[in-house]
Amino acid sequence: SPSLSLKPTVSPTTKAPTASPLPPTFDPTKYPSLSPTFIPTFSDPTVSPSSAVPTLPAPTQSPIESCTPESACENASGAIGAGSCIGDFACQNKTGDVGIASCIGVEGCRESTEIVGDNSCLGEEACKFNTGIIGNNSCIGYRACYANVVDIGDNACNGEQSCEQEEGDAIFFEIGSNSCNGILSCISNIGNVSNSSCIGDEACRGNKNNIGIGSCDGLFACLGNHGDTANNSCISDQKTYEDVSDPLDYTGVCQFNEGRILNTSCQGLESCARNKAAISSESCLGVNACRDNLASIGERCCVGFRSCLDNSGDIDGPDSW
């Protein structure tokens, strides 16, 4: 399996799905191991992706019988729904039930061992070697859930390599519904992702900690994040590579964050990029508000453009700065 390099990469190829945060221009050269670049180290195509979810057969559209061609269900066990397991070796050696119109694509669910819901695992190797339960309308795109080992909710992990896992990644976490949607959005993530979180291209790529509800929403939003992130935090407007003029000059809202971030904080362009300390609720709101912060921030603090940029001293709340 491909080796991970936490470098934002502007173009994996093959069927690309969807995702949508703010345009920074900060030079991340201090972080050579995670520094943004468009050259992925994955063994996958590298052409400009589209943000549209792949159009694949739905149950009512597909006249194709299940298990087509003959190799599709070779040595497979478990119930297979209508219009499922279509493509060369699509469900070869698969165990566990497959819902309606799922596992469509060359080796789409090959050697997968768990239940797959309806309209899921669509794309080449989308769920190959998967060992986690997959909900409905999930894992759509090239290698979207390749070698995944965790349970995935509904409408989640849609995007090229969105939830692909690497050998040795931690397995004690889950991905909620409506989460991890975007190209490479949660690849090699090892933290719990709650519902409606990690939306955007590379939003939670290489994330190492837990993400609350409705958080890490944006392009590179929590890329390389090491801090616990609560609800409705780390949000920006740009979601995909196409939303910014030059992704090489863009830094995600909480990219490389190392501190704990509480509810409804860090909203705005680069507002908590490279933060290294705890941030309380409703704080760090605005462009560059707490970028490169080194000290703790209290409640309702640091609101406004560059209000606590490069801060190095503790700030008490509420309503400070």
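Begin by selecting C139 and C145, which are joined by a disulfide with an S to S distance of 2.0 Å, where a disulfide is taken as a pair of cysteine sulfur atoms within 2.5 Å. Turn the view so that the S-S bond can be followed, and the link of C139 and C145 proves to be left-handed, with -85 degrees about that bond. Are these two cysteines buried or exposed? C139 is buried because its relative accessible area is 0%, and C145 likewise counts as buried because its relative accessibility is 0%; here buried means under 20% relative accessible area, exposed means over 50%, and partly exposed lies in between, with a 1.4 Å probe and protein chains only.

Before going on, keep in mind that this is a predicted model, in which local features need pLDDT of at least 70 and side-chain atom pairs count only at pLDDT 80 or more, while totals for chains, interfaces and linings use all residues. Residues are numbered from 1 along each chain as its sequence is written, and side-chain values use heavy atoms, with hydrogens and water left out.

Next, select C121 and C127, where another S to S distance of 2.0 Å marks a disulfide. The link of C121 and C127 is left-handed, with -85 degrees about the S-S bond, and both C121 and C127 are buried.

Now move to C234 and C254, whose sulfur atoms lie 2.1 Å apart in a disulfide. The link of C234 and C254 is left-handed, at -90 degrees about the S-S bond. C234 counts as buried because its relative accessibility is 0%, and C254 counts as buried because its relative accessibility is 0%. As a contrast, select C301, which is in no disulfide and whose nearest cysteine sulfur, that of C302, is 5.6 Å away. C301 is nevertheless buried, with a relative accessible area of 0%. How many disulfides does the structure hold? The count is 13, and the pairs visited above are among them.

The tour now turns to charged side chains. Side chains of opposite charge can pair when their charged atoms come close. Select E107 and K128, whose side chains meet in a salt bridge of 2.4 Å, N to O, where a salt bridge is a side-chain nitrogen of Lys or Arg within 4 Å of a carboxyl oxygen of Asp or Glu. E107 is buried because its relative accessible area is 13%, and K128 counts as buried because its relative accessibility is 11%. Extend the selection to R110, E125, R143 and E164, since these residues are linked with E107 and K128 in a network of salt bridges.

Then select K276 and E258, which form a salt bridge with their closest N and O atoms 3.2 Å apart. Are the two partners buried or partly exposed? K276 counts as partly exposed because its relative accessibility is 36%, and E258 is partly exposed because its relative accessible area is 44%.

As the last stop, select E270 and R291, whose side chains meet in a salt bridge of 3.0 Å, N to O. Both E270 and R291 are buried, whereas K276 counts as partly exposed at 36% relative accessibility. By the distance rule given earlier, the count of salt bridges comes to 12, including the one between E270 and R291.
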